[in-house]
Amino acid sequence: HEYNTLTCPELEGLSERGTFLDGKEKVSAENLARWLRNPGAMKPGTTMPNLNLKEEEINKLVEYLLSK
């Protein structure tokens, strides 16, 4: 897949910031998983595509994101 990386969020320090989606959502494993499952459901009109990730992929990504 090729995506426009200019719209990607800054991941460094994500867990320390405490919120994401313009401060509307608390950074937690549950919320990050919800976002990765269906970005448009959490932020209608988002440029983040639904990547149709498997649960195992979501879990690994959430673990990584919380480590940053």
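**Figure 1. Cover over the buried face of helix H4.** What covers the buried residues of H4 includes helix H1 (14-17) and H2. The model shown here and in the other views is predicted. Ile58, Val62 and Leu65 are the buried residues in H4. Seen down the helix axis, the buried residues fall within an arc of 65°, so they line one face of H4. An α-helix has 3.6 residues a turn, so residues three or four places apart point the same way. The other side of H4 carries the exposed residues Glu56, Lys60, Glu63 and Ser67. H4 has 13 residues, which at 1.5 Å a residue should span 18 Å; the end C-alpha atoms are 18 Å apart, so the two values agree.

**Figure 2. The whole chain, for orientation.** The protein has 4 helices and 2 strands. Their order from the N terminus is α-β-β-α-α-α. The chain holds 68 residues, of which 24% count as buried. About 5,100 Å² of the protein is exposed, and carbon and sulfur atoms supply 50% of this area. Of the contacts between residues at least 6 apart in sequence, 34% join residues at least 24 apart.

**Figure 3. The largest nonpolar core.** This core has 12 residues. From the N-terminal part of the list come Leu14, Phe20, Leu21 and Val27, among others. The core also includes Leu32, Ala33, Trp35, Leu36 and Met42, together with Ile58, Val62 and Leu65. H2 and helix H4 (55-67) are the elements that give two or more residues to the core. H2 gives the most, with 4 residues. In soluble globular proteins, nonpolar side chains tend to be buried together. One of the core members, Leu21, is in contact with Trp35, Met42 and Lys43, leaving aside neighbours within four places in sequence.

**Figure 4. Helix H2 and the elements around it.** In H2, the buried residues are Asn31, Leu32, Ala33, Trp35 and Leu36. These buried residues pack against H1, S1, S2, H3 and H4. H2 covers residues 29-37. H2 is also part of what covers the buried residues of H4.

**Figure 5. Asparagine 31, a buried polar contact.** Asparagine 31 lies in helix H2. With a relative accessible area of 11%, asparagine 31 falls under the 20% limit and is therefore buried. The side chain of asparagine 31 reaches the backbone oxygen of lysine 26 at 2.9 Å. Beyond neighbours within four places in sequence, asparagine 31 is in contact with Phe20, Glu25, Lys26 and Met42.

**Figure 6. Threonine 19 and phenylalanine 20 in strand S1.** Strand S1 consists of residues 19-20. Threonine 19 has a relative accessibility of 34%, which lies between 20% and 50%, so threonine 19 counts as partly exposed. Phenylalanine 20, in strand S1 as well, is buried, with a relative accessible area of 10%. Not counting residues up to four places away in sequence, threonine 19 touches Glu25, Lys26 and Val27. On the same basis, phenylalanine 20 touches Leu14, Glu25, Lys26, Val27, Asn31, Leu32, Trp35 and Met42. The C-alpha atoms of threonine 19 and asparagine 31 are separated by 9.9 Å, and these residues are 12 apart along the chain. For phenylalanine 20 and asparagine 31, 11 residues apart in sequence, the C-alpha to C-alpha distance is 9.4 Å.

**Figure 7. Two loop residues with positive phi.** Aspartate 22 is in the loop between S1 and strand S2 (25-26). Phi of aspartate 22 is near 60°, a positive value in a residue other than glycine. Aspartate 22 has a relative accessibility of 63%, which is over 50%, so aspartate 22 counts as exposed. Asparagine 52 is in the loop between helix H3 (39-42) and H4. Phi of asparagine 52 is near 50°, again a positive value in a residue other than glycine. Asparagine 52 is exposed, with a relative accessible area of 64%.

Conventions. Residues numbered from 1 in each chain as written. Predicted model: local features only at pLDDT ≥ 70, side-chain atom pairs only at ≥ 80, totals over all residues. Heavy atoms only, no water. Buried < 20%, exposed > 50% of the residue type's maximum accessible area, 1.4 Å probe, protein only. Contact = heavy atoms within 4.5 Å. Polar contact = N/O pair within 3.5 Å; in protein donor to acceptor, adjacent residues only side chain to side chain. Core = buried A, V, L, I, M, F, W, Y, C linked by side-chain atoms within 4.5 Å. Expected span 1.5 Å × (residues − 1). Arc of directions from axis to C-beta. Areas by Shrake-Rupley, 256 points an atom, 1.4 Å probe, with all protein chains shown as cover.
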